[in-house]
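Open the model in your viewer and keep the sequence panel beside it. We will go from stop to stop, selecting a few residues each time.

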Amino acid sequence: MKNELKIFCPATIANISCGFDVLGVALDAVGDEMVIRKTAEKGIRITKLEGQDLPTETLQNVAGVAGLALLAAGDYEGGFDIEIYKKIKAGSGIGSSAASSTGAVWAMNTLLGNPFSSLELVQFAMEGERLASGVAHADNVAPALFGGFTLVRSYAPLDVISIPSPDALYATVIHPQIEVKTSDSRKILKTNITLQDGIKQWGNLGGLVAGLFKSDYDLIGRSLVDHIVEPIRSILIPGFDQIKKVALEAGALGCGISGSGPSIFSFSKGEETAVKVGEAMKEVYQKIGVNYDVHVSKINTKGIKIID
């Protein structure tokens, strides 16, 4: 059995407009890399962290906290050293903390001979999300671990459903170079909604899931509407309304906030349209003077994977 793994941990889009805290999808074109190795010494140590200025203290690092949760649930007497190479910027809204949390527990579990199920790994990784945002949500960690689209049907007990991804579906994500902390963006949300808004949101969530199962791109597009969170969080994102407008005009099926922002995602049918959407998004930020990154990606249906 191997004592060391190098892995790719995918970025993720959470919420996906109408699925706040329950829907997520993994991306193929952007993600972190990690090296995890078994050690005789107990505990978790973050031995290297490159790409972002983040804490390496075990209890202050999401990979460390998630890894400790796994160790506490098992009978392994040793420990692990973790190297993290961040390619996903913290606070970008595409699952930076989830990538580190899930990568750590997935690799540890693999090195130990897979004593834990994928659902148990989600629960361990959620402890990393609790550290990052104050809430142990699973809408980023679940797709990172399962791959593709996932629906968190229930948190108590935890129940994660895999949803198929249409073959021609592509995501375009633009990240304005500002940071929006998930913990801060949660503070501005309403804790109560009207029955009317709830009904509209439930209809869109059902429609989106049905559209994914049926590979019905028009239904997917009609369902990518958020009546509850987007109207509030969008005020934190520069140029959001204009970005959404030009994305739809360029052929996107739908467009919304990725996670807690500030990244904005869109889905398109086919790579050509997804690239065209990205170009339209870029022009908006170039005109208003906002620095940005753009990612065009197929859906990652496998989740975390071992790399050379």
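Begin by selecting proline 157, which lies in the loop between strand S5 (149–155) and strand S6 (158–163). Keep in mind along the way that this is a predicted model. Now add alanine 156 to the selection: the peptide bond from alanine 156 to proline 157 is cis, with omega near 0 degrees. As background, most peptide bonds are trans.

**Along strand S2**

From S5, step across to strand S2 (23–39). S2 and S5 run antiparallel and are joined by 3 bridges. To find one of the paired positions, select glycine 24 and look for its bridge partner in S5, threonine 150.

Which strand is joined to S2 by 10 bridges? Select S1 (4–14): S1 and S2 run antiparallel, with 10 bridges joining them. Leucine 5 is a good place to click, as its bridge partner in S2 is isoleucine 36.

Stay on isoleucine 36, because there is another strand to visit from here: isoleucine 36 also stands opposite isoleucine 82 in S4. Strand S4 covers residues 79–85, and 7 bridges join S2 to S4, the two running antiparallel. Before leaving S2, color its residues by burial. S2 is mostly covered, with 12 of its 17 residues buried.

**A turn at serine 17**

Next, select serine 17, in the loop between S1 and S2. Its phi is near 70 degrees, a positive value in a residue other than glycine. For context, most residues other than glycine have a negative phi. Is serine 17 buried or exposed? Its relative accessibility is 4%, so serine 17 counts as buried.

**Helices H2 and H3**

Now select asparagine 114, found in the loop between helix H2 (96–111) and helix H3 (118–133). Here too phi is positive in a residue other than glycine, near 60 degrees. With a relative accessibility of 48%, asparagine 114 counts as partly exposed.

Show the helices on either side of that loop. H2 and H3 pack at an angle of about 145 degrees, and their axes are 9 Å apart. H2 passes H3 in a right-handed crossing. To see the contact, display the side chains of Ser97, Ala98, Ser101, Thr102, Val105, Trp106 and Asn109 in H2. They meet Leu121, Phe124, Ala125, Gly128, Glu129 and Ala132 in H3. Coloring by residue type gives 7 nonpolar, 5 polar and 1 charged in this contact.

**An open sheet of four strands**

Move along to the sheet in which 4 strands follow the order S8-S9-S7-S10. The sheet is open, and the pairing is antiparallel. Which strands stand at the edges? Select S8 (254–257) and S10 (292–298): each has a single partner strand, so one side of each is left without a neighbour in the sheet. Neighbouring strands are turned by 20 degrees against each other on average, direction ignored.

Zoom in on S8 and its pairing with S9 (residues 264–269), which is antiparallel over 4 bridges. Select cysteine 255, and opposite it you will find serine 266 in S9.

Now turn to the loop between S8 and S9, where proline 262 is found. Select glycine 261 as well: the peptide bond from glycine 261 to proline 262 is cis, with omega near 5 degrees.

**Helix H9, on the sheet and against H10**

Keep the sheet on display and add helix H9 (residues 240–249). H9 packs on the sheet, touching S7 (169–176), S8 and S9. The direction of H9 makes about 160 degrees with that of S8.

For the last stop, add helix H10 (residues 271–288). The axes of H9 and H10 come within 8 Å and cross at roughly 150 degrees. That angle makes H9 roughly antiparallel to H10. The crossing in which H9 passes H10 is right-handed.

Which residues make the contact between H9 and H10? On the H9 side, select Gln242, Ile243, Val246 and Ala247. On the H10 side, select Val277, Ala280, Met281, Val284 and Tyr285. Color them by type and you will find 8 nonpolar, 1 polar and no charged residues in the contact of H9 with H10.

Technical notes: Residues numbered from 1 in each chain as written. Predicted model: local features only at pLDDT ≥ 70, side-chain atom pairs only at ≥ 80, totals over all residues. Heavy atoms only, no water. Axes fitted to C-alpha atoms, helices over the stretch in contact; angles between N-to-C directions. Parallel < 35°, antiparallel > 145°, perpendicular 65-115°, else oblique. Left-handed = near helix turned anticlockwise from the far one by under 90°. Contact = heavy atoms within 4.5 Å. Nonpolar A, V, L, I, M, F, W, Y, C, P; charged D, E, K, R; others polar. Pairing = 2+ DSSP bridges. Buried < 20%, exposed > 50% of the residue type's maximum accessible area, 1.4 Å probe, protein only.
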